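Let's walk through this structure together, starting with its interior and then moving on to a sheet. Keep the 3D view open as you read.

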Amino acid sequence: MGRFSTLALAVLLLLVVSAPAIDGHPTGKFNTSDGCGCHITSPVNAQLSGYPSTYAAGEQYVLAIGMSISAPAGGFSLDIDKGTLSNPSTDAQVDSLQLSATHSSSDSTSWTVSWTAPSSGSGMVTFSLAVLAADGNIDAGGDSSGLFSVQIAEASPNTAPQVSLSLPQSVDSSTDLVANISSSDADDDPVTLNIQWLRNGFREGSLDNLQTVPAIMLGPGQVWTCKVIGNDGIENSQEVIASTTISNSPPTALINIVTNPVWIGETITVTSQMSSDSDGEVVNSIWSWIDSSGNSGSAYSMQSFTFTAYSQVTLTLQVVDDLGGIGLATKTIEVVNGPHVSDITSIQNGQQVELSWQWDGPQSQFSVIRNGNVIATTNQTSFTDTPIFSGDTSYSIQPIVDGRHLDAGSESSPITVESACEEIQSTNDFAGMILGFIMLILSLITVAMGYLNRGE
Ligand SMILES: [Ca+2]
Ligand SMILES: [Ca+2]
């Protein structure tokens, strides 16, 4: 049977649907959406709805089939070239290939069938529909048929959003760490951001979805990592990651001169205890000084440093923080002449030595030093000593002003102590002679006893 004959049969079947006694083909006709030219008495509009303007791959749509006039009986044939048909309504059916649907009885003039869109990239889909409105007479006269066809493009697939991220590479803990994040979406979908922060590789959950790490959470040497994923409501962007290391703020060096006033030749005490480090602590102080006379020195010290200068001093302090950061300070110190002890007189009076001296400074105490040993402290400018030994003796007077033991302000005076000590010395000499004489006698006795024993 040729195609034309088949179509003619289909039309015939449609014509007789209203005459159940001779309806031998109530199951419709597949693949006949191009209709036939036999029933043109009055054209009818074939109606198809429920399809999208552009389809989304894999999406399911419910198609409604109908006609523009009411009729006692009807039939249809719907063909598609892509996707699948399923779930036909009462009085409709789908073929095994799921590419064609038709009526299964003549009782309806409207039907529904589901269409599942093909996979992404399938391109244009064509729907072709033929409907027939039958008047129930058993001939072609008085029937109406109509055709409808539509092509549907695939909706463009979603484009994933894009996210860019950067972190400042020179940041210390004095300011907030702010991530520079931007996002875009080719489809103009709104993009939401998922932000995570890690400190030294460990997630900091309290900062989730925040763009800023507050300064109070930052510490020098820490590595902060930011991870960002964008989502356009459909899919995620690629994850972007950036890291930065929090830099160390150098310490601030501050020289504090403890000694005041500063006198030539006297010790000067300075301290670094006012130095500071905003993000750590000062762990070392390195001092160096040079005076305009060329004297110089240096020292490692925690805080206090003491030195002696003889003219204007240039003092340098280098403080080091716990991460090796360095702060520098320099100070010029003027030194002036200080007070002095002078004109020491020492008069021997019997066994005593009477000392007195001049002093041109403020109220002071004085250490009295005999041969390098402090033997007394007085707030007078005189002192009477009773030396134990005779001979050459040196007395020094060292002033103590506000607890400072002055060196340049001290003065020494030599004296040769004589007197009673010499008698003690003579007595000792006489005792030595007696002892020597006794030893001589004992020796002679020993020799004599030797001779006597030999004679026996
Ligand atoms: Ca998108
Ligand atoms: Ca620091």
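Which residues does Val-131 touch, not counting those up to four places away in sequence? Bear in mind as you look that this is a predicted model. In it, Val-131 touches Val-44, Ala-46, Ile-65, Met-67, Gly-74, Phe-76, Ser-145 and Gly-146.

Val-131 also belongs to a bigger picture. It is one of the residues with the most contacts inside the largest nonpolar core, alongside Phe-76, Leu-78, Val-113 and Leu-129. That core has 26 residues. Several strands feed into the core: β3 (60-67), β4 (73-80), β6 (92-94), β8 (111-116) and β9 (125-134) each supply at least two of its residues. The largest share comes from β9, with 8 residues. As general background, nonpolar side chains tend to be buried together in soluble globular proteins.

Apart from this core lies another one, made up of 16 residues. To find it, look for Ala-253, Val-282, Ala-309 and Val-313, which are among its members.

Now turn to a sheet further along the chain. Here β27, β28 and β31 form an open sheet of 3 strands, in the order β27-β28-β31, with antiparallel pairing. At the edges sit β27 (341-349) and β31 (382-385), each of which pairs on one side only. From one strand to the next, the twist averages 15°.

For a closer view, follow β27 alongside β28 (residues 352-359): the two pair in the antiparallel sense over 7 bridges. One pair to pick out is Ile-347 and its bridge partner in β28, Glu-354. In general, strands of a sheet pair through backbone hydrogen bonds, either parallel or antiparallel.

Technical notes:
Residues are numbered from 1 along each chain as its sequence is written. Chains are lettered from A and ligands numbered from 1 in the order in which they are written. This is a predicted model: local features need pLDDT of at least 70, side-chain atom pairs count only at pLDDT 80 or more; totals for chains, interfaces and linings use all residues. A nonpolar core is a set of buried Ala, Val, Leu, Ile, Met, Phe, Trp, Tyr and Cys residues joined through C-beta atoms within 7 Å. A residue is buried if 20 or more other C-beta atoms lie within 10 Å of its own, exposed if 12 or fewer, and partly exposed in between; C-beta atoms are placed from the backbone. Helices (H or I, at least four residues) and strands (E, at least two) are DSSP runs, numbered from the N terminus. Two residues are in contact if their C-beta atoms, placed from the backbone, lie within 7 Å. Two strands pair if DSSP finds at least two bridges between them. Axes are lines fitted to C-alpha atoms, for helices over the stretch in contact, and angles run from 0 to 180 degrees between N-to-C directions.
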